[in-house]
Amino acid sequence: STATARTLTPTHRRAITNHTNQPPYTHAAMAAVSMCHPALLSSRSASAANLRGRVVARRGAVAKAARADSNNESRYGACWPGRAEVPNDVPLLGNGNVKRISLLGSTGSIGTQTLDIAEEHPDKFEIVALSAGKNLAVLQEQIRKFKPKMVSISDGAQIQELKDMLKGMDGPLPEILYGAQGMIEVARHKDADSTVTGIVGCAGLPPTVAAIEAGKNICLANKETLIAGGPAIVPLAVKHGVKILPADSEHSAIFQCIQGLPEGALRRIILTASGGAFRDIDLATMKEYSRSDPAFLQKKATTHPNWDMGAKITCDSATLMNKALEVIEAHYLYGTSYDNIDVVIHPQSIIHSMVETNDSSVLAQLGWPDMRLPILYTLSWPQRVQCSEVTWPRLDFIKMGDLTFRAPDVEKYPSLTMGYAAGRAGGTMTGVFSAANEQAVAMFLDKKIGYFDIYKSIELAMEAHKNELILDPSLDEIVATDLWARDHVLSLVNAGKLTELISV
């Protein structure tokens with residue numbers, strides 16, 4: 001209404017414009033209608049039964065096209081649209097040919113593992129730039145060992161402290177920068193061939209954009225880059241001819257499986273999930289614990305049965321939120337319809353993910369649970385680096401034992417349903433989904449909300465964002481939406497709408 005329009009924010013207005021400017025059918029839906037329309041015209045002389053059959057077929061065709069429309073399948077493009085061409089003219093690493101690496105988040109888990117790989121293969125990888133937060137003790141050791149040309153820290157007030165810690169180091173001091181601009185300069189360092197994005201949250205978006213615009217391939221270990229930033233990042237990477245190389249185990253597995261596939265051969269992606277900490281506890285028992293012993297749920301949620309990870313990622317595995325996020329990532333990376341991305345529980349975590357081709361063949365990538373392998377492959381691609389059997393144990397099929405699979409319980413893990421819904425909505429909804437979860441998990445770990453409040457907060461944030469959805473957001477709008485989602489979850493707690501712990 002006119003009265004409503006006067007009160008809309010610019011974000012509201014743009015969201016409504018994006019929706020109302022869409023035609024009632026995209027080309028796919030119109031094609032479905034036009035194909036069925038002649039049949040409907042000729043059906044005047046057909047029996048009532050035949051007419052009903054054709055009407056049902058028409059509705060089915062339109063519904064199928066509408067589902068494709070709602071997936072925004074071709075709206076943003078894809079980093080690797082259903083296949084990965086392997087270049088065959090890349091010089092072998094080693095013997096004087098090194099790949100130069102810029103590393104964001106050097107003191108975190110991804111960063112330290114990346115540096116372990118560089119240390120093990122100094123003839124193949126050189127670290128030219130590092131960024132870190134406030135852990136100067138670890139950073140100064142990294143600087144002394146790898147001698148980067150540029151370093152950035154989060155707080156400019158600590159620059160002199162870092163310089164003092166580096167006194168007497170062998171070789172010249174690196175150029176030391178700080179803050180958001182410092183990260184950007186590290187990401188796009190002129191000597192870097194590839195940039196490893198090992199920092200958490202939307203803070204990773206601006207440096208990733210800078211690296212892409214500078215033509216650096218991206219070793220992607222920051223989920224928000226695609227989950228929140230996909231609508232802006234994917235077209236940008238395609239425009240600049242930059243390769244987005246996934247560093248998480250599931251998407252690395254898919255990436256390895258689709259190499260060499262012919263055009264149009266990919267039918268389905270199958271993401272495997274360990275099932276997390278609660279895979280063998282039924283929902284009724286979990287709800288009873290939420291009433292009688294919420295501390296048990298919190299401790300259990302941060303203890304992973306297979307992987308050694310940080311508290312937040314381990315909690316995401318317990319809620320299966322990590323898999324919901326990976327579904328969205330799969331769509332942006334490979335352009336696969338959400339209807340053709342499945343999740344299966346695989347407790348052993350040996351098969352890291354699979355793809356099904358049009359002829360019903362299934363290709364899988366297997367290995368021991370070890371994050372170093374996907375990180376290594378982002379650095380070495382398209383080559384395979386020979387690794388020591390001592391530090392990189394080979395897969396033993398006898399020791400591996402049985403491999404089992406089961407369907408995920410969507411009632412126990414509502415994150416999956418919400419993740420598919422966010423992905424199909426597209427635009428800024430996926431960023432809201434991710435940011436609301438991140439804020440909720442932080443408050444859960446801080447014992448401010450209960451376990452099931454994590455799901456509730458995400459659902460409420462998504463519902464509140466529906467009228468402000470932006471289908472083609474700018475980077476600034478993506479970041480602003482991320483901040484809004486976090487603030488919204490905080491407001492839910494302050495308003496007393498997340499009451500799981502209060503009711504105990």
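The legends below describe close-up views of a predicted model.

**View 1. The seven-stranded sheet.**
Strands of a sheet pair through backbone hydrogen bonds, and this pairing can be either parallel or antiparallel. In this view, seven strands make up an open sheet whose order is S4-S3-S2-S1-S5-S6-S7, and their pairing is parallel. The edges are taken by strand S4 (175–178) and strand S7 (244–246), each of which has a single partner strand, so one side of each is left without a neighbour in the sheet. On average, and with direction ignored, neighbouring strands of this sheet are turned by 25° against each other.

**View 2. Strands S5 and S6, with helix H5 on the sheet.**
Within the sheet, strand S5 (residues 194–197) pairs with strand S6 (residues 217–220) in the parallel sense, and four bridges join the two. Thr195 can serve as a point of orientation, for it stands opposite Ile218 in S6. Helix H5 (residues 109–120) packs on the sheet, where it touches strand S1 (99–104), strand S2 (125–131) and S5. The direction of H5 makes an angle of about 155° with the direction of S2.

**View 3. Helices H13 and H14.**
Two packed helices are described by the angle between their axes together with the distance between the axes. Here helix H13 (residues 283–292) packs with helix H14 (residues 294–301) at an angle of about 120°, and their axes lie 5 Å apart. Because of that angle, H13 counts as oblique to H14. On the side of H13, the residues that take part are Met286, Tyr289, Ser290 and Ser292, and they meet Pro294, Phe296 and Leu297 in H14. Sorted by class, this contact of H13 with H14 has five nonpolar residues and two polar ones, while no charged residues are found in it.

**View 4. The cavity and its lining.**
Rolling a probe the size of a water molecule over the atoms shows where empty space is left. The structure holds one cavity of 30 Å³ or more, and the volume of the largest cavity is about 60 Å³. Its lining is made of 11 residues, among which Ser249, His352, Gln365, Leu373 and Pro374 lie nearest the centre of the largest cavity. Helix H12 (249–257) and helix H17 (372–380) each supply at least two residues of this lining, and H12 gives the most, with four residues. By class, the lining of the largest cavity divides into five nonpolar residues, five polar residues and one charged residue.

Definitions and conventions. Residues numbered from 1 in each chain as written. Predicted model: local features only at pLDDT ≥ 70, side-chain atom pairs only at ≥ 80, totals over all residues. Heavy atoms only, no water. Axes fitted to C-alpha atoms, helices over the stretch in contact; angles between N-to-C directions. Parallel < 35°, antiparallel > 145°, perpendicular 65-115°, else oblique. Contact = heavy atoms within 4.5 Å. Nonpolar A, V, L, I, M, F, W, Y, C, P; charged D, E, K, R; others polar. Pairing = 2+ DSSP bridges. 1 Å grid on protein atoms, 1.4 Å probe; cavity = no way out; pocket = protein on both sides within 12 Å on 5 of 7 lines; lining within 4 Å. Points joined across faces, edges and corners; volume = space filled by probe spheres on them.
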